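Please look over the sequence and the 3D structure below. Then read the short report that follows.

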Amino acid sequence: MACAQTYGERFFTLSQDLLCVMDRPGKLVATNPAWQTMLGWSAEALAGMSYPDLTHPDDLAATEVVHAQGIAGTGVTDHLARCRCQDGAYLWILWAASVDPTTGLTFVTGRDVTKRQEDAMRLARLVSIINDSDDAILSKDLNLKITTWNHGAERVYGYTEEEMLGRSVSVLIPHDRDGEGGTILGWVVAGEAIDHFETERLRKDGTTVQVSLSASGIRDLDGQVIGAS
């Protein structure tokens, strides 16, 4: 039966995550083949390099703090920092590390989360654009319940986000246009494009405002319409 050391060596070689061993100053003393597969660095090229040589300048200060905590005996989990590829590009890596108190060596693992991080950044930019828009932008589910409400909607209609989330969009529709919200949602679900639909809506103070509506479907991962924006 293979010994634990043999299993450990095989795991180190076969792991698709970045694995490495660092000394107390942070110099790499061993790296696994994933460094070349993922980042393009051969073991020979990495020999003698330290983590500051590979860390994005904007992430270095935080990484130095985490490294200091690690060698002080505090385990490192979920430290996000960009690591430099051999071609000069950077990947977002989620790091974890622990120190062997006997040898003082740090054992590090790193997982590529670049796509997840870039998706999160794109979403954050989109949310920022929506929130900063002067246009009223809101979304509703298939039951006409409001699920998002931006600052522009607060400015146009007078209601805060806290006042509107979970309420029916019908609160914004004048009585003589009763049912219009459901009609528009029906068009969206049917795949029709709603662009510059001229109508009017009610403000919180009871006055009406003329609006030009555009609407599009919100879809789940299977492509099914689950609401409208």
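## Strand 6 and its partners

Strand 6 and strand 11 (residues 225–228) run antiparallel, joined by two bridges. Across this pairing, Lys140 faces Ala228 in strand 11. Keep in mind that this is a predicted model.

Strand 6 (residues 138–141) also pairs with strand 7 (residues 146–149). That pairing is antiparallel too, and it has three bridges. Here Ser139 has Thr148 of strand 7 as its bridge partner. The hairpin of strand 6 and strand 7 has four residues between the strands. In this hairpin, Leu144 takes a positive phi near 70°.

## The second largest pocket

Ser139 and Thr148 appear again here. The second largest pocket has a volume of about 350 Å³. It is lined by 20 residues, and the closest to its centre are Ile130, Ser139, Thr148, Ile218 and Ser229.

Which elements supply at least two residues each to this lining? They are helix 6, strand 6, strand 7 and strand 11. Helix 6 gives the most, with five residues. By class, the lining has ten nonpolar, seven polar and three charged residues.

## The largest pocket

The largest pocket has a volume of about 550 Å³. Its lining counts 22 residues, and those closest to the centre are Ala136, Leu138, Tyr157, Leu213 and Ser214.

Strand 6 contributes at least two residues to this lining as well. So do helix 7 (151–157), helix 9 (180–189), strand 8 (194–202) and strand 9 (208–215). The largest share comes from strand 9, with five residues. The lining of the largest pocket splits into 13 nonpolar, six polar and three charged residues.

## A five-stranded sheet

Now turn to the sheet. It is open, and its five strands follow the order 2-1-5-4-3 with antiparallel pairing. Which strands lie at the edges? Strand 2 (28–31) and strand 3 do, and each pairs on one side only. From one strand to the next, the twist averages 30°.

Strand 3 and strand 4 run antiparallel and are joined by seven bridges. Leu80 stands opposite Leu94 in strand 4. Helix 5 packs on the sheet and touches strand 1, strand 3, strand 4 and strand 5. Its direction makes about 145° with that of strand 3. Helix 6 (residues 114–132) packs on the sheet as well, touching strand 3, strand 4 and strand 5. The direction of helix 6 makes about 120° with that of strand 4.

## A salt bridge in helix 6

Side chains of opposite charge can pair when their charged atoms come close. How many salt bridges does a search of the whole structure find? It finds nine. One salt bridge links Lys115 with Asp119, and their closest N and O atoms are 2.9 Å apart. Lys115 and Asp119 are separated by about one helical turn, because they are four residues apart in helix 6.

## The cavity

A search of the whole structure finds one cavity of 30 Å³ or more. The largest cavity holds about 310 Å³ of space. It is lined by 24 residues, and the closest to its centre are Met22, Tyr51, Thr63, Trp95 and Val108.

Several elements each supply at least two residues of the lining. Among them are strand 1 (18–22), strand 3 (76–84), strand 4 (90–99) and strand 5 (106–112). Helix 4 (51–54) and helix 5 (57–71) also do so. The lining of the largest cavity has 15 nonpolar residues, eight polar and one charged.

Notes. Residues numbered from 1 in each chain as written. Predicted model: local features only at pLDDT ≥ 70, side-chain atom pairs only at ≥ 80, totals over all residues. Heavy atoms only, no water. 1 Å grid on protein atoms, 1.4 Å probe; cavity = no way out; pocket = protein on both sides within 12 Å on 5 of 7 lines; lining within 4 Å. Points joined across faces, edges and corners; volume = space filled by probe spheres on them. Nonpolar A, V, L, I, M, F, W, Y, C, P; charged D, E, K, R; others polar. Pairing = 2+ DSSP bridges. Axes fitted to C-alpha atoms, helices over the stretch in contact; angles between N-to-C directions. Contact = heavy atoms within 4.5 Å. Salt bridge = Lys/Arg side-chain N within 4 Å of Asp/Glu carboxyl O.
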